[in-house]
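New to this one? Take a look at the structure below, and then we'll walk through a few spots worth finding.

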Amino acid sequence: TTGVASASVAQGRVGALVALVLLPPLACGLWLVATRRSTATSAFATALAAVVLGPFAPVLVALVVVVALVLAAVRGRVRRHALVVALVPAAVLGPWVVRAAESSWPALVAGSGLAQWGGDVPLPWEIALLNPGGAGAPLVWTSVPLVAVAVLSLVRGRSWDGSGAVLAVLAPVLLALALVAPSLRLGTVPAGVEGAGDPITLWAGTMLLPLTLLVVVAFARGL
């Protein structure tokens, strides 16, 4: 298992656990769109998975919508399928998102268990090694082989129906988001609670979830 998966389980982060289940089929659906192999069925199935994930991890669904919109802009032949993936979750979840944002936008961003209430924030190099820190996270060095093989696979740039280029573009974007996530302040730990006065931030593992999936795919590609 990966560091972010074990930490999600140990820390009881429901949103992350749901994402662990739904991100792989979401990624597959987006991949079908990107490679022009999608059908109406696969597009709507991908959109349904995004709708289910939405209440648990809105930030990750926003990422899915953005990727789908980019595909709609650059892949004219599959624009309709890409727009299905982007617009169906937005239409279904939109009213809920508006109400939730009006009530408390930090709670909306945090989803179900994606907030970090104080405590130590992992260092950038630890995040780069897919370690979100906290209970359940393995020793940082255990992910070095996984990351090393994945990076080597991306650097070599071996063609795999264009997948190498896609992964190479997404990897630094997701890494940058993962590095920025812990600096997004959502509030302050209230008085009477352990760590009172400490900042409440987005959990470091939130953006590590899609990044870890990408790394695992790159790792498999490099074997």
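Let's start with Leu130, which is buried, with a relative accessible area of 4%. Keep in mind that this is a predicted model. To find Leu130, look in the loop between helix H6 (124–128) and helix H7 (144–156). Its backbone has a twist to it: phi is positive, about 65°, although Leu130 is not a glycine. Most residues other than glycine have a negative phi.

Arg36 is another non-glycine residue with a positive phi, near 60°. Arg36 sits in the loop between H2 and helix H3 (40–53). Is Arg36 buried or exposed? Its relative accessibility is 40%, so Arg36 counts as partly exposed.

Here are the two loop residues together:

| Residue | Phi | Relative accessibility |
|---|---|---|
| Leu130 | about 65° | 4% |
| Arg36 | near 60° | 40% |

Now for helix H1 (residues 3–10), which is mostly covered, with six of its eight residues buried. Those six are Gly3, Val4, Ala5, Ser6, Ala7 and Ser8. What covers them? Helix H2 (14–34) and helix H9 (208–222) are among the elements that do. After H1 comes Gly12, and its phi is positive too, near 65°.

Last stop: the largest nonpolar core, which has 63 residues. Leu53 and Leu60 touch the most other members of that core. Setting aside neighbours within four places in sequence, Leu60 is in contact with Leu53 itself, along with Ala19, Leu23, Thr206, Met207, Leu209 and Pro210. In soluble globular proteins, nonpolar side chains tend to be buried together.

Technical notes. Residues numbered from 1 in each chain as written. Predicted model: local features only at pLDDT ≥ 70, side-chain atom pairs only at ≥ 80, totals over all residues. Heavy atoms only, no water. Core = buried A, V, L, I, M, F, W, Y, C linked by side-chain atoms within 4.5 Å. Buried < 20%, exposed > 50% of the residue type's maximum accessible area, 1.4 Å probe, protein only. Contact = heavy atoms within 4.5 Å. Helix = DSSP H or I, 4+ residues; strand = E, 2+ residues; numbered from the N terminus.
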